[in-house]
Structures are given as structure tokens and as C-alpha cells.
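Me: I would appreciate a close, connected account of one part of this structure. Please concentrate on the surroundings of the ligand and on an element that takes part in them.

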Amino acid sequence: MTYKRKKRAVSQLLNSKSISSRKSTICDEIDYILGKLVLEVTANEDIDLATYLKYFTLRCSVFLMYGLHLDCFGKDHALCDEIIRNESEIIRLRSPISNIEDSVTLLRYFPKLTNAHKAVECGQTRNGYMNELYARFQEGAKDGNDNNDCTNSFVGQLLAQRGSKRLSEAEIYSICLTFISAGLDNTPLNLNYLLGILSQPVIGQMYQSKAIHNILDNCSGDVVVAWEQSGEANFENAYVHVLVLETLRHFTVLPLSLPRTTTKPFLHGDVIIPANTHLFLNAYAANNDEEHFESPLEFWPERWLDERGQSNFAAKINQHFSFGAGSRMCSGSSFALYEMYVFMVKFLLLFEVHPPDSKLMITDPFANNGNGRATSFEPRSHHVKLIRRQLLSPNEDKIRDVALRI
Ligand code: HEM
């Protein structure tokens, strides 16, 4: 019952209409992180973008949820790093194949031999930062005027609900947790994978050239218009859109999706699956099914384009399984797609991605995985080289301002 209430609330907060009304917030966060990169990137030096991308996702989630800006590079640095580190540890602990006590039940009586103590520690650390964020939210919401970011945030909205829709404090806490953790181990990893693809010699340059030509064609070459329009995100820059879709499919950050337990028996073919059975969706296998995708092991964005060169998003969305499927499918898929698409359009307007001097990304997601027992892929760190794209001087001041303001 409480799951259904929370699911309904999360779906309302994250549906495309709600995300549409928060576009400018998300764009501000993108401008902020890109502004930081503009200030910090030195031409001809390799850079690892993983932390920037995690900060971006975390800031977006925290602002939408609580109306708070985290100063990831300044006074909130330690807090942000703690959240990122701890959430990664938790997702690792939740892996269906890393906890031997899940299968050998006797071990549950010897918690010291298992990961149980680690899970308790992570839980306590998590309570610490969740309470800190909530306390900051309460402080920020005090003045309560119409323009108050905290009262307008998702938590503000949930607290303002009355009657049967009103969630309990525990339910709101659980939704906050979902927001903080859900995006962190997948959106930045997908973006980093795509940037790693763009840094590959020859082929990476080819994808970028197609993408930037497509963006400029759609705005008659006016880069300021391209920058502003990207936030509308009707996925008009089809080539960027298909780069994102192909990344989601090819990389499949959660290769076994999330494990589920059946609540009642059901018939599959001629086999009865009993209640309380753990089921896994082999999303990686589904995304690489030869009957469905031509040359599935190839990163080939064009597979998502129709004969007019448009990405036929509505028709294709159900054809990859990176967001899961069915009633438990990812509730954040519209949000994640919007974040990734706009981020990539703006990123490409600002930077050319080049092969690094060292640590070029390994493109095979399994060969690149640093932890075979984890729930989500844990890609080994890689570098890219960034060079400012020359056509963009008109936006430089604006982006610099945003980075310094927030
Ligand atoms: C590229 C980014 C993302 C990927 C690949 C992804 C993938 C997934 C997958 C595979 C599931 C399990 C689906 C199933 O069991 O069938 C899931 C569940 C979920 N995701 Fe995401 N996710 C992403 C981003 C996000 C973001 C940004 C949010 C919200 C801030 C979010 C919120 C959720 C929620 C609430 C669920 C649980 C749904 C339920 O159990 O009913 N996700 N996600």
C-alpha cells in the first residue's frame, strides 16, 4: 500500500509535464557545471570528467527535491563527496551476487562474517546526510514566500498536500532517498560513457561532426539560438538524441536491471513461477538481442534514425530495456533523458572531445567494468581531452557568469 502511494507520488513529480515545468532549473544546473568546466579545462591536458558529472546529477536532484543549491566545489565539497561515496557503496552492497548470506542463510547468524556491519555503517552515514539536507530545507522554507525555492521544491509540494494524498514523514523520507540515490549511479555513468565514445580516435570525431552539424543546421548556424533552444528539448537535434539512446542501449548501466520478487504465482509458458521468487531481467541480453537489433554489439546511433533522419522516440522507447520494463519501470526516465540530451547539446556547443594521451576508455562495457559483482557497471576511470569549440565566443560570458553566480 505504502509502495503504491509513494510510486504514485514519485510518478507525478517525475512525469514529463512536471519535468517540463522544471526545465529552466535543470538548464541552470547544466550551465553551472559546464561553466565550471570552461573555467577549469586547460587545453591539451587530459581530464577525468566522472566527478563533474556526479556533482551535476547530485545538484540537480537536490535542487529539485529540496530547493537547495549544493556548493560541490566549495563549502559542501565534503558533504557531496560523502553522499557520492556512500551511495556507491550502498548500490554495491545491494548487488544480488555480492552477499553470500542471501544464499547461505546460516551465515545470517554470523553477521561479522558478512557485509551486514558495513550495511549498518552505510545506513547511519546515509541518515546523517539525509537529516542534514532536510534540516537545510526546513531552514530555507521558513520565510515561505511565493518565490522560495524550498517551498516550491518537490518536498515542499509533498508537504503541502492535504487529505488522503498526504504522505507520512517516513514516506517522504523514502522518496527523498530515491531521488538522491536513483540518478547517481546511472545518469553520470551514461554521460561519461558517451563522452568516452566521443573521445575514440576517428569514430568519435565522426559522431561529433554529425552531431554539431545537426545542431547548427537546426538553428541556421546561430549558436546562441542553439544554446537557448536546447532547453526546450523536443529532441529536435536528432543526432544528439540518438547518441543518447544508443548509449543507453549499448552500455546498459544496470545489466541485470533491479531484482524483483513475485507477490503471487504466475504462469510463464508452461511453467508456474511461485510467489516470493526472485526474478532478474537480463537487460543487457535483451538490449543485445540479434533478432531485435542489427549488429547489436556495435555502437551504431543511426539505428535509431528513421528514413527522414529523425529520431522516432515515441515508437522506439520500448525497444531498449535500460530503464527496465512494466509497472516497476524507472520512474525517472523522462527526467534522465532530458538531463542527458540537454547536457550533451550544450557540451558539444562548448567543447570538442579528443582522444586523451593516456587512459582512453575501453568501449566494451564488460571489459571496462571494474567490479563484476556490482549491480551497476562500475567503469574504470578514463580520460578525455577537451578543447573549446571555436564558434562559441558569444556564450562565454554568460556561462562564466552562471558558474560564478551559483
Ligand atoms: C540513465 C539514467 C537511469 C537509468 C538507466 C535508470 C534505470 C532504472 C532501472 C533499470 C530501474 C528498475 C526498473 C525495473 O525493475 O524494471 C529503475 C528504477 C527506478 N528509477 Fe531509474 N534510472 C535512471 C535514472 C533515474 C533518475 C534520474 C531517477 C529519479 C531521480 C530514477 C528513479 C527511479 C525510480 C523511482 C525507480 C523505481 C521504480 C519502481 O520500483 O517502481 N531513475 N531505474
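Reply: The following account begins at the ligand and then turns to helix 1. The model is predicted.

The ligand has 29 residues around it, and those that come nearest are Tyr3, Lys7, Arg260, Arg328 and Cys330. By class, this shell comprises 16 nonpolar, 10 polar and three charged residues.

Oxygen atoms of the ligand take part in several polar contacts. A side-chain N or O atom of Arg260 is 2.7 Å from a ligand oxygen, and a polar atom in the side chain of Arg328 lies 2.9 Å from an oxygen atom of the ligand. Ala325 contributes through its backbone, where an N or O atom lies 3.2 Å from a ligand oxygen. The elements that supply two or more residues to the shell are helix 1 (2–14), helix 8 (169–184), helix 9 (187–198) and helix 15 (333–350).

Helix 1 merits a closer description. Its 13 residues reach 18 Å from the first C-alpha to the last, close to the 18 Å expected at 1.5 Å a residue. Within helix 1, Lys7, Ala9, Val10, Leu13 and Leu14 are buried. These residues lie on the same side of helix 1 because they cover an arc of only 165° around the axis. Lys4 and Arg8, on the other side of helix 1, are exposed. The cover over the buried residues of helix 1 includes helix 2 (16–21), helix 7 (154–160), helix 8 and helix 15. Lys7 therefore appears in both parts of this account: Lys7 is among the residues that come nearest to the ligand, and Lys7 is also buried in helix 1.

Terms used. Residues are numbered from 1 along each chain as its sequence is written. This is a predicted model: local features need pLDDT of at least 70, side-chain atom pairs count only at pLDDT 80 or more; totals for chains, interfaces and linings use all residues. Side-chain values use heavy atoms; hydrogens and water are left out. A residue is near a molecule or strand if one of its heavy atoms lies within 4 Å of it. A polar contact is a pair of N or O atoms within 3.5 Å; within protein, one must be able to donate a hydrogen and the other to accept it, and residues adjacent in sequence count only if both atoms are side-chain atoms. Helices (H or I, at least four residues) and strands (E, at least two) are DSSP runs, numbered from the N terminus. Ala, Val, Leu, Ile, Met, Phe, Trp, Tyr, Cys and Pro count as nonpolar, Asp, Glu, Lys and Arg as charged, and the others, Gly among them, as polar. The expected span of a helix is 1.5 Å times one less than its number of residues. Buried means under 20% relative accessible area, exposed over 50%, partly exposed in between (1.4 Å probe, protein chains only). The arc is that of the directions from the helix axis to the C-beta atoms. Contact means heavy atoms within 4.5 Å.
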